[in-house]
Amino acid sequence: MGGPRFVHLRMHSEYSVSEGIVRIEDAVQRAAADGMPALALTDSANLFGMVKFYSAARAAGLKPLLGADCWLQNESDRDKPHRLLLLCASRAGYLRLCELLSRAWLANQHRARAEIARGWLEEGGTDGLIALSGAAAGDVGQALLAGHAEAAERLAAGWTRLFPGRYYLELQRAGLPNGEAVLSRCVALAARTGAPVVATHPVQFLAPEDFKAHEARVCIAQGYVLGDQRRPKLFTPEQYFKSQEEMARLFADIPQALENSVEIARRCNLDIELGRSRLPDFPTPPGTSIDDYLRAQANAGLTRRKLDQEARYRERLDFELATIIQMGFAGYFLIVADFINWARAVREPAFPNGVPVGPGRGSGAGSLVAYSLGITNLDPLRYDLLFERFLNPERVSMPDFDIDFCQDGRDRVIDYVRHKYGEQCVSQIATFGTMAARAVVRDVGRVLDLGYSFCDQLAKLIPVQPGKMITLQMAREMEPLLAEREKSEDEVAELLELGEKLEGLVRNVGMHAGGVLIAPGRLTDYCPLYAAEGTANVISQLDKDDVEAVGLVKFDFLGLTTLTILDWAERYVRGLGEPGFSLEKIPLDDAQTYKLLSSGSTTAVFQLESRGMRDLIKRARPDRFEDVIALVALYRPGPMDLIPEYIERKHGKRVEYLDPRLEPILGPTYGIMVYQEQVMKIAQVIGGYTLGRADLLRRAMGKKKAEEMAQQRDVFVAGAQQNGLARAKATQLFDLMEKFAGYGFNKSHAAAYALLAYQTAYMKAHHAAAFLAANLSAVMDDTDKVRQFYEDASANGLKIRPPDVNTSEHRFVPVDRETILYGLGAIRGSGESAIQTVVEARRAGPFRDLFDFCRRVDRRVVNRRAIEAMVRAGAFDSVDPNRARLLASVARALEAAEQAERQASQSSLFGEAEAPRGGAHAYVEAAPWDRKQVLLEEKAALGFYLSGHLFSVYERELAGFPRTPLARLAPSEQRSWMAGIVASARSQMTRRGRMMVVMLDDGTAQLEISVFNELFEKHRDKLKEDALLVVAGKVQRDEFSGGMRVTAEELLDLESLRERYAARLRIALNGRADAQRLQQVLAPYRSTAQGACQVLVLYENGKAVCQVALGDSWRVRPDSRLLAELGEWLEPENVQVVYAAL
């Protein structure tokens, strides 16, 4: 068999993002199967996939060739850039390509293209790079296509000078327009100039049948539909992964071009070292090694913690230091400690007490060195946390501290790191979003020009399981309706076929939530950098796994809103008269805190606020910190099965241990294995393992590998027997460990988060106003959350004053220990800058009226929309309670302010001293809103009814209707009547067709009502938000949620309720007897039809009371307009609809 005849030097994978659907593993397997010795990955202006490609190619026995299909800036027309393919021939070439691509993305983007300028190549050289001309898309190809042979010759000569012996004219036969013309002219140019030619094939997809899927991907990125005849068609069906045989046939007339593809592959010899970590250098004092400096800092920290006199702490610290130093991680600990301690120590206006830092997260909380250095804030010995769970000397891997900072301060700490280590050495990390099943159905449906609702219905058939990726194939198996529609509907079949080819492909580039790279030198010495157009966020072109593979160390800077909330709450408490208050000083055995937890009042309590957790915590009744740790660890799928037994044992059930030595280990959790650390300690104490080997055992148990577990079982049983445990009991204990280790939780992580849970509970128990004001401030943009916290504050006895332009701040603020002032920032349409302008203007004194307000604020910032929103929310009630009049007058007040400003300007111009004065203003008169309108306007501005509940508007009329309040509903075989306001309604598809799930709210509770297809179609006009809905239905217990579930059988609005069930209309004249007026009001509504009701007139004077029933000829329709007229005349409370018994 002869040598290789061709190597693909040009391939766009899925990492070209907007085009290219080649999956790296598939391409590598195809090349290996075809006998190619090498393969190149040359994505569009990036190296996103390089590590995955490099590793896959090496594993398959292929030589990986790395490069990029670069955009070359066209100096004469920026909208028509050229292409230039650059391949890395050596390490120097790789570093140069990293520099060029980074500079293009960070400093030279045009229309989202990262363009390289030719001048950069002249400035910095091209050593180690091989350049291919770009075929018809390159500048030489474009010149040839335009018939400018001399210009093409000059360009080619220039490139040859820039890339001596490393520039090739690229020949392609991919079916592209004018391709053959460019090729023939290029061959002629090569003959004239002596420049070598090379055959390439622009691979965009793997197989010929993938062309349509590739076009669909391009259309998704560009916003076109496949059927649009006018869309640009940039690719051809020929751009699949051709075999060597196919390429040899294609270029049989130019064999040298084929040979040069193999020759270039031979010339490219880039080795990338993977798997060796490179820590940045941490500065230490002169003459002090980094290891000695770590020892000194850790010992000083232990002294500061006042733990240096206890032998067990000294021994543990020495052991940990020896391990850390032996493994070469001293620098890592010092770097992390440095930026955490800087965060705590910094004093700035935004952070008067430093940037809040979490107590620790993950297994790092098990390190005493970390505790001594200030990285974590939880004593690991006090809570039996194990260092080996974090850093195991018998399993060398990089330590990984996940550090929580307050959401507002995280970026400030990253800025400090950039400043300390240098901008060129610090970046954030790329993430690659992929086309998940639901998204791909919607995207492909759009490019196939299928209707939105059609695609939406189909997408919603794909099940969602939190934490699990559901593929289209899985969806077919899980949802029979989807499979059925695929068989019966051609459009669905086509959509799913295309979708399956695109599913899982990279769709977009994002930024990792917390990962930050700190390199020991310039980042471009390791990988290229990227920045999305219009952003200043510099990120690596590799994802978190790949940056670690090339040796860069990731530090996790995570933003945790709970820390922000606790920081604000602490400041509020200090401002309310406790200047020395600090969460670090609170006791962990506070009875009031545990009482609050046991009551289930855990809204806003970190990790403990879900409905299921509230139910659990009420049953568990925690009374010590260890209980809180255990609850955090147990409330997960798997260990939840242990909860009933845990609760029973906590409350007195006898605990028996297989061996007395288990009691100190399992005693804190009442004999139940909850934590991974407990499994490790049992292996150490009973099985004779070192803690390092015990960690390996824990990992093996988690992976459930049968062969490895059999070996570990033998080792454990033998060790247990040596330590005095009978073989049968040792086997039984190992079985228990194996069962629990599969879902045992990391106690270090649980303890750290339990501390935050306890701190939030303590704040709620002792400083509720400060704590809930902070929580409300943190969620101002989420009106549903604001409502939830508002209701919780009210339920906890707090008073929340309504928003007020004369007293409110941007955030919610506690006025005293029991009162919170509503934040103006929670009003929709009011931005932070607008509210700050209002607060600033108010410093000169309170606003007297709307006109004074408009005159004093900066109207460029506080616009009409913002003022109207504040009026609707009631923020002007303190200056004028007639909101209708205020809203009608906003335009006039703004115009008056403009006029006053013009007058002041003219007075100044002509030297007049008198400035315009305030005074009485002509408001636009408007009748005050009724109660319903007030509440609806509040909801428009705030997202919920603030001053009352909309149901109260209807409550008096419904008092005579035999309904059950939602809070008192109970499961029953009989159907029940209920009524409430429609809080929300969402539709979903079922096998029976479309149904609606309606959230009904009557002020006592909220309840979901299921309205199935037939009833929904009949009454869809009634299922509107804020409408009153009367429901008859079956009430059943919902086993999933533990609450109630109602299936609607009958739906009525107020009009249809009156028409069907109103029996009488009772009118109380109360001294306003006017028979003629009563006759005039009733006359238009007289009716003898079914649904008309009798009129009862209640007459009262100083001597007697009587009720007169009008005759049947005066029966009336109980129309809303009639009730409104009567209410306006006699007051609403004197008009009552009386309903018949059901």
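**Exercise 1. The cavities**

Find how many cavities of 30 Å³ or more the structure holds, and describe what lines them.

*Solution.* Let's start with the count: two cavities of 30 Å³ or more turn up in the structure, which is a predicted model.

Step 1. Take the largest cavity, with a volume of about 50 Å³. It is lined by 13 residues, and those closest to its centre are Gly360, Arg361, Ile375, Asp402 and Ile403.

Step 2. Ask which element supplies the largest share of this lining. That is β9, with three residues.

Step 3. Sort the lining of the largest cavity by class: six residues are nonpolar, four polar and three charged.

Step 4. Move to the second largest cavity, which holds about 30 Å³ of space. Its lining consists of Cys70, Trp71, Leu72, Leu84, Leu86, Ile116 and Leu121. Both β2 (63–72) and β3 (82–88) supply at least two of the lining residues, and β2 gives the most, with three.

Step 5. Sort this second lining too: seven residues are nonpolar, with no polar and no charged ones.

**Exercise 2. Helix α15**

Check whether the span of helix α15 (residues 410–421) agrees with its number of residues, then place the helix in its surroundings.

*Solution.* Step 1. The helix has 12 residues, and at 1.5 Å a residue the expected span is 16 Å. The expected span uses one less than the number of residues.

Step 2. Compare this with the model: the end C-alpha atoms of α15 are 17 Å apart, which agrees.

Step 3. Pick out the buried residues, meaning those under 20% relative accessible area. In α15 these are Arg410, Val413, Ile414, Tyr416, Val417, Arg418 and Tyr421.

Step 4. Look for what they pack against. The partners of the buried α15 residues are the helix α13 (330–345) and the strands β9 (402–406), β10 (426–434), β11 (506–518) and β14 (553–560).

Step 5. Step just past the helix, where glycine 422 takes a positive phi of about 100°.

**Exercise 3. Salt bridges, buried or partly exposed?**

Out of 88 salt bridges, take the pairs glutamate 245 with arginine 5, lysine 650 with aspartate 627, and lysine 653 with glutamate 648. For each, work out the setting of the two partners, given that buried means under 20% relative accessible area and exposed means over 50%.

*Solution.* Step 1. Glutamate 245 and arginine 5 meet at 2.7 Å, N to O. Glutamate 245 belongs to helix α9 (residues 244–250) and arginine 5 to the segment before α1 (24–33), so this pair ties together parts that are 240 residues apart in sequence. With a relative accessible area of 36%, glutamate 245 is partly exposed; arginine 5, at 40%, is also partly exposed.

Step 2. Lysine 650 and aspartate 627 meet at 2.7 Å, N to O. This pair links helix α26 (residues 643–650), which holds lysine 650, to helix α25 (residues 625–634), which holds aspartate 627; the two residues are 23 apart. Lysine 650 counts as buried because its relative accessibility is 14%, and aspartate 627 is buried at 1%.

Step 3. Lysine 653 and glutamate 648 meet at 3.7 Å, N to O. Here lysine 653 counts as partly exposed at 37% relative accessibility, and glutamate 648 does so at 43%.

Step 4. To finish, look for salt bridges that share partners: they join Arg10, Asp69, Arg83 and Glu170 into one network.

How values were computed. Residues are numbered from 1 along each chain as its sequence is written. This is a predicted model: local features need pLDDT of at least 70, side-chain atom pairs count only at pLDDT 80 or more; totals for chains, interfaces and linings use all residues. Side-chain values use heavy atoms; hydrogens and water are left out. Helices (H or I, at least four residues) and strands (E, at least two) are DSSP runs, numbered from the N terminus. Buried means under 20% relative accessible area, exposed over 50%, partly exposed in between (1.4 Å probe, protein chains only). Contact means heavy atoms within 4.5 Å. A salt bridge is a side-chain nitrogen of Lys or Arg within 4 Å of a carboxyl oxygen of Asp or Glu. On a 1 Å grid over the protein atoms alone, a cavity is a set of points where a 1.4 Å probe fits but cannot get out, and a pocket is an open set with protein on both sides within 12 Å along at least five of seven lines; lining residues have an atom within 4 Å of a point. Grid points are joined across faces, edges and corners, and a volume is the space filled by probe spheres set on the points. Ala, Val, Leu, Ile, Met, Phe, Trp, Tyr, Cys and Pro count as nonpolar, Asp, Glu, Lys and Arg as charged, and the others, Gly among them, as polar.
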